[in-house]
Amino acid sequence: LEQGSVHDSLVLLSDRLGQGEKKLLEDSTLATRLLWRFRDGVHFDGFVARLRMEAPCQSKTFLDTFLRSEEQLPFLKYTADILAWQALLFELFPMHSITRAQAQEITNEKAISMLPEERQKEATELCLRFCDGFNMGLPFLHPNIFECTPNPFLTKNKQVDLSMSGNPNGMCLSTPITFSLPSQLQDETDAAGLCPLQLLRMAMALHNNLLQALTASARFSI
């Protein structure tokens, strides 16, 4: 229905109505014009853009921080699982007990099999949660995994590829424990060992930024 045809029909009808009905019709005509007036739609991107265009305000610090970190926030729930899985591996392999070459030959599943049988089910569940967190968090370590070191374990589409074959191949039970044991040697870059380190650093930064923003907002509101 076009705006012009609606208006013409209302005007024609007004000639046949009394004064009271005409006043009601005039109000209806105004409402019709407002209804057909062009305006931008309401959408989330517009809200974010408007929020950032306005003058900075301390009370919006937390909301701004939340919006900038929203995509990464679900990863925070895996922080405890990452630490627990590493603690289990440190229990099995104390510091300096194996070389990196030996660790490359030991899969997550094989490490679990070294535990007493009554602990293996719980350890497997823990490892699977660790795998979920690893696969969710690693794409955020893009393009570099550390300083100027590119992340070699992501495809062009930022999918996890631990085999570096170009095909998605994420963390799982058959992955070597080198991707679980944190390692950062001076003057040497061990990309596999950097993965768990950088994931925890990212979680720490997310957590601290949110708490700082929340504290600032709460102090402003008081």
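Tutor: A salt bridge here is a side-chain nitrogen of Lys or Arg within 4 Å of a carboxyl oxygen of Asp or Glu. The model is predicted, so local features need pLDDT of at least 70 and side-chain atom pairs count only at pLDDT 80 or more, while totals for chains, interfaces and linings use all residues. Residues are numbered from 1 along each chain as its sequence is written, and side-chain values use heavy atoms, with hydrogens and water left out.

Student: How many salt bridges does this rule give?

Tutor: One pair is Asp-64 and Arg-68, and another is Arg-129 and Asp-81. Glu-91 and Arg-119 pair as well. The count comes to 3 salt bridges.

Student: Which helices hold Arg-129 and Asp-81?

Tutor: The closest N and O atoms of Arg-129 and Asp-81 are 3.0 Å apart. This pair links distant parts of the chain, 48 residues apart. Helices are DSSP runs (H or I, at least four residues; strands are E, at least two), numbered from the N terminus. Arg-129 is in helix α8 and Asp-81 in helix α5.

Student: Is Asp-81 buried or exposed?

Tutor: Buried means under 20% relative accessible area, exposed over 50%, and partly exposed in between (1.4 Å probe, protein chains only). Its partner Arg-129, at 38%, is partly exposed. At 13% relative accessibility, Asp-81 counts as buried.

Student: What is the separation in sequence between Glu-91 and Arg-119?

Tutor: Their closest N and O atoms are 2.7 Å apart. Glu-91 is partly exposed at 46%, and Arg-119 is partly exposed at 31%. Glu-91 lies in helix α5 and Arg-119 in helix α8, so the pair ties together parts whose separation in sequence is 28 residues.

Student: Why are Asp-64 and Arg-68 separated by about one helical turn?

Tutor: Their salt bridge has an N to O distance of 3.1 Å. An α-helix has 3.6 residues a turn, so residues three or four places apart point the same way. Asp-64 and Arg-68 are about one turn apart because both sit in helix α4, with a spacing of 4 residues.

Student: Which residue of the pair Asp-64 and Arg-68 counts as exposed?

Tutor: Asp-64 has 24% relative accessibility and counts as partly exposed. The residue at 54%, which counts as exposed, is Arg-68.

Student: What distance separates the C-alpha atoms of Ala-84 and Phe-130?

Tutor: Ala-84 lies in helix α5, residues 79–92, and is partly exposed at 32%. Phe-130 is among the buried residues of α8. The two are 46 residues apart along the chain, and their C-alpha atoms are separated by 8.7 Å.

Student: How far does helix α8 reach from its first C-alpha to its last?

Tutor: Helix α8 covers residues 117–137, which is 21 residues. The expected span is 1.5 Å times one less than the number of residues, giving 30 Å for α8. The model is close to that, at 30 Å.

Student: Which residues form the nonpolar patch on the surface?

Tutor: Together the patch residues have about 360 Å² of accessible area. The elements that give two or more residues to the patch are α3 (44–53) and α4 (61–69). One member, found in helix α4, is partly exposed at 30%. The patch residues are Phe-44, Phe-47, Leu-63 and Phe-66.

Student: What percentage of the residues of the protein chain count as buried?

Tutor: The chain has 9 helices and 2 strands, in the pattern α-α-α-α-α-α-α-α-β-β-α. Of its 222 residues, the part counted as buried is 33%.

How values were computed:
Patch = residues over 30% accessible without salt bridge, like charges linked within 9 Å, V, L, I, M, F, W, Y side chains within 5 Å. Areas by Shrake-Rupley, 256 points an atom, 1.4 Å probe, with all protein chains shown as cover.
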